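Here are some notes for a colleague who is opening this model for the first time. They are set out as numbered points, to be read with the structure in view.

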Amino acid sequence: MGKSLLRARRIFHVDMDAFFASVEQRDRPELRGRAVIVGGDGVRGVVAAASYEARRFGVRSAMPSARARKLCPQAVFVRPRHAVYREVSAGIFAIFAEVSEIVEGLSLDEAFLDVSAGVCDDSRLIALARSLKARISTETGLTASIGIADSKLVAKLASAYDKPDGLTWIKPDEVRQFLDPQPIRRIPGIGPRTGLRLQEAGILTIGQLRKAPLEWLQPV
């Protein structure tokens, strides 16, 4: 019975696409299609978010703004408007609450939704995800990517698989095939230091980590 319930579990990980930057592009039409970096552009500035146009040049959040400027000189820097982002986020989470009674927010722009209780078959599952994406787009003018799986970890990795505006469902019998080629750094909690130690041990992918002897992974 326990295994049956586990197989029936359905988790959405909803992740807004380049949230801060997308809000700025939505509100300022002249920024659409351009490389936009949200954050300070001073010597000590840090990138809070980058549009997909800027990401193509290697710009990432938490990167020093000076480095981002070198990678993408044509980028437009925009000061963060946190009050606006919180307001937009509140509207998105209100939509989440209408889709599921179980919502676990991870940040302003992402959350897990347990939709197990409201889904009776596969077609309903996909229809619900598409409806959620369409409603977010209609009500906010923004796009979201959704990963679907029977666990939060796999759903989170799935939402990043086909960004932006993606929808990826990893069925229970596809989990190993999906996870094994993924870089180990994709696993939440594995940071630069742990990632480097694993790479030094020849472990580069989740599949290699799964097959590694337990004694390799235990602290010495």
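1. Ala-18 counts as buried, because its relative accessibility is 5%, and this residue lies in the loop that connects β1 with α2. The model is a predicted one, and in it Ala-18 has a positive phi of about 45 degrees although it is not a glycine. Such a value deserves a remark because most residues other than glycine have a negative phi.

2. A second residue of this kind is Asp-165, whose phi is near 60 degrees, again a positive value in a residue other than glycine. Asp-165 belongs to the loop between α7 and β8, and its relative accessibility of 45% is why it counts as partly exposed. In the loop between α7 (152-159) and β8 one also finds Pro-164, which is joined to Lys-163 by a cis peptide bond with an omega of about -5 degrees. As a general background to this point, most peptide bonds are trans.

3. Turning to the strands, what is the order of the 5 strands in the open sheet? The order is β5-β6-β1-β7-β8, and the pairing is mixed. The edges are formed by β5 (102-107) and β8 (167-169), each of which pairs on one side only. On average, and with direction ignored, neighbouring strands of this sheet are turned by 15 degrees against each other.

4. Within this sheet, β5 and strand β6 (residues 110-114) pair in the antiparallel sense over 5 bridges, and the two strands form a hairpin with 2 residues between them. Two positions help to follow the pairing by eye: Ser-107 has Glu-110 in β6 as its bridge partner, while Gly-105 stands opposite Ala-111 in β6.

5. Strand β1 (residues 11-16) is bridged to β6 and also to β7. With β6 it runs antiparallel and is joined by 5 bridges, and here the bridge partner of His-13 is Phe-112 in β6. With strand β7 (residues 144-149) β1 likewise runs antiparallel, joined by 6 bridges, and the bridge partner of Val-14 is Ile-146 in β7.

6. Is β1 covered on one face or on both faces? In a regular strand the side chains alternate between the two faces of the sheet. In β1, Ile-11, His-13 and Asp-15 on one side and Phe-12, Val-14 and Met-16 on the other are all buried, and both faces are therefore covered. The strand is accordingly described as mostly covered, with 6 of its 6 residues buried.

7. For the helices, it is useful to recall that two packed helices are described by the angle between their axes and the distance between the axes. The axes of helix α5 (residues 82-99) and helix α6 (residues 122-140) come within 10 Å and cross at roughly 150 degrees, which means that α5 is roughly antiparallel to α6. The crossing of these two helices, α5 and α6, is right-handed. On the side of α5 the contact involves Ile-92, Ile-95, Phe-96, Glu-98 and Val-99, and these meet Leu-128, Leu-132, Arg-135, Ile-136, Glu-139 and Thr-140 in α6. By character, the residues of this contact divide into 7 nonpolar, 1 polar and 3 charged.

8. Helix α5 also has a contact with α2, where the axes come within 11 Å and cross at roughly 100 degrees, so that α2 is roughly perpendicular to α5. From α2, the residues Phe-19, Phe-20, Val-23, Glu-24, Arg-26 and Asp-27 meet His-82, Val-84, Tyr-85, Val-88, Ser-89 and Ile-92 in α5. The residues of the contact between α2 and α5 divide into 7 nonpolar, 2 polar and 3 charged. Ile-92 of α5 takes part in this contact and is listed in the contact with α6 as well.

9. A last point concerns Ala-35, which is located in the loop between α2 (19-27) and β2 (36-39). Ala-35 counts as buried because its relative accessibility is 10%. Which residues does Ala-35 touch, not counting residues up to four places away in sequence? They are Ser-51, Glu-53, Ala-54, Cys-72, Ala-75 and Val-76. Of these, Ala-54 is 19 residues apart from Ala-35 in sequence, and yet the C-alpha atoms of the two are 4.4 Å apart in space.

Conventions: Residues are numbered from 1 along each chain as its sequence is written. This is a predicted model: local features need pLDDT of at least 70, side-chain atom pairs count only at pLDDT 80 or more; totals for chains, interfaces and linings use all residues. Side-chain values use heavy atoms; hydrogens and water are left out. Axes are lines fitted to C-alpha atoms, for helices over the stretch in contact, and angles run from 0 to 180 degrees between N-to-C directions. Helices (H or I, at least four residues) and strands (E, at least two) are DSSP runs, numbered from the N terminus. Angles under 35 degrees count as roughly parallel, over 145 as roughly antiparallel, 65 to 115 as roughly perpendicular and the rest as oblique. A crossing is left-handed if the near helix is turned anticlockwise from the far one by less than a right angle, and right-handed if clockwise. Contact means heavy atoms within 4.5 Å. Ala, Val, Leu, Ile, Met, Phe, Trp, Tyr, Cys and Pro count as nonpolar, Asp, Glu, Lys and Arg as charged, and the others, Gly among them, as polar. Two strands pair if DSSP finds at least two bridges between them. Buried means under 20% relative accessible area, exposed over 50%, partly exposed in between (1.4 Å probe, protein chains only).
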